[in-house]
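Please open the model in a viewer and keep the sequence panel visible. The stops below proceed from the whole chain to single residues.

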Amino acid sequence: MKRENALLITIAAGAVCLAAGAGWRTGYLAHWLAELLLIAAFPVFVLFLGLWWNASEGEEDIPFLGY
């Protein structure tokens, strides 16, 4: 996975988290729906943030980290 792709997915997942929180606070989303969105998007955000952080600038792929 390229560094740019990991960053785009991180930004998208972060935007979903922020939108879910803002939607719940303003009353546009039900509490349970905001929770479901956060439960689904936050692990994706953390995972791809780590992948982006560890990705190199070159042509190499992210190395296999093990099982």
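**The chain as a whole**

The chain contains 2 helices and 0 strands; helices (H or I, at least four residues) and strands (E, at least two) are DSSP runs, numbered from the N terminus. This is a predicted model, in which local features need pLDDT of at least 70 and side-chain atom pairs count only at pLDDT 80 or more, while totals for chains, interfaces and linings use all residues. Residues are numbered from 1 along each chain as its sequence is written, and side-chain values use heavy atoms, with hydrogens and water left out.

Display the molecular surface of the chain. The accessible surface comes to about 5,200 Å², and 71% of this area belongs to carbon and sulfur atoms; accessible areas come from the Shrake-Rupley method with a 1.4 Å probe, and for residues only the protein chains shown count as cover. Of the 67 residues, 18% count as buried. Buried means under 20% relative accessible area, exposed means over 50%, and partly exposed lies in between (1.4 Å probe, protein chains only).

Contacts may be drawn next, where contact means heavy atoms within 4.5 Å. Among the contacts in the chain with a separation of 6 or more, 62% are between residues 24 or more positions apart.

**Helix α1**

Select residues 3-26, which form helix α1. At 1.5 Å a residue, the 24 residues of α1 should span 34 Å, and the end C-alpha atoms of α1 are indeed 34 Å apart; the expected span of a helix is 1.5 Å times one less than its number of residues.

Colour the buried residues of α1: Ala 6, Thr 10, Ala 13, Gly 14, Cys 17, Ala 20 and Gly 23. These buried residues pack against α2.

Centre the view on Thr 10. Is Thr 10 buried or exposed? Thr 10 counts as buried because its relative accessibility is 4%. With neighbours within four places in sequence left aside, Thr 10 is in contact with Phe 45, Phe 48 and Leu 49.

**From α1 to α2**

Move to Gly 27, just after α1, where phi is positive at about 95°. Continue to Ala 30 in the loop between α1 and α2. Ala 30 counts as partly exposed because its relative accessibility is 34%. Measure from Ala 30 to Ala 20: the two are 10 residues apart in sequence, and their C-alpha atoms are 9.5 Å apart in space.

**Helix α2**

Select residues 31-54, which form helix α2. The 24 residues of α2 should span 34 Å at 1.5 Å a residue, and this agrees with the 34 Å between its end C-alpha atoms.

Where does the kink in α2 lie? The kink, of about 25°, is at Ala 41, shortly before the proline Pro 43; the bend at a residue is the angle between axes fitted to the seven residues ending there and the seven starting there. Ala 41 is also buried, as are Ala 34 and Phe 48 in α2. The cover over the buried residues of α2 includes α1.

Turn next to Ala 40, also placed in helix α2. Ala 40 counts as exposed because its relative accessibility is 52%. Ala 40 and Val 16 are 24 residues apart in sequence and 9.4 Å apart in space, C-alpha to C-alpha.

**The nonpolar patch**

Select Val 16, Trp 32, Leu 33, Leu 36 and Leu 37, which make a nonpolar surface patch of about 440 Å². Patches are made of residues with over 30% relative accessible area and no salt bridge, like charges being joined within 9 Å and nonpolar side chains (Val, Leu, Ile, Met, Phe, Trp, Tyr) within 5 Å; a salt bridge is a side-chain nitrogen of Lys or Arg within 4 Å of a carboxyl oxygen of Asp or Glu. Helix α2 supplies the largest share of the patch, 4 residues. Leu 37, which is in α2, counts as partly exposed because its relative accessibility is 33%.

**Around Arg 3**

Which residues, beyond four places in sequence, are in contact with Trp 52? They are Arg 3, Ala 6 and Leu 7. Trp 52 lies in α2 and is partly exposed, with a relative accessible area of 21%. Trp 52 and Arg 3 are 49 residues apart in sequence, with 5.4 Å between their C-alpha atoms.

Finish at Glu 57, in the segment after α2. Glu 57 counts as exposed because its relative accessibility is 65%. Glu 57 and Arg 3 are 54 residues apart in sequence and 7.1 Å apart in space, C-alpha to C-alpha.
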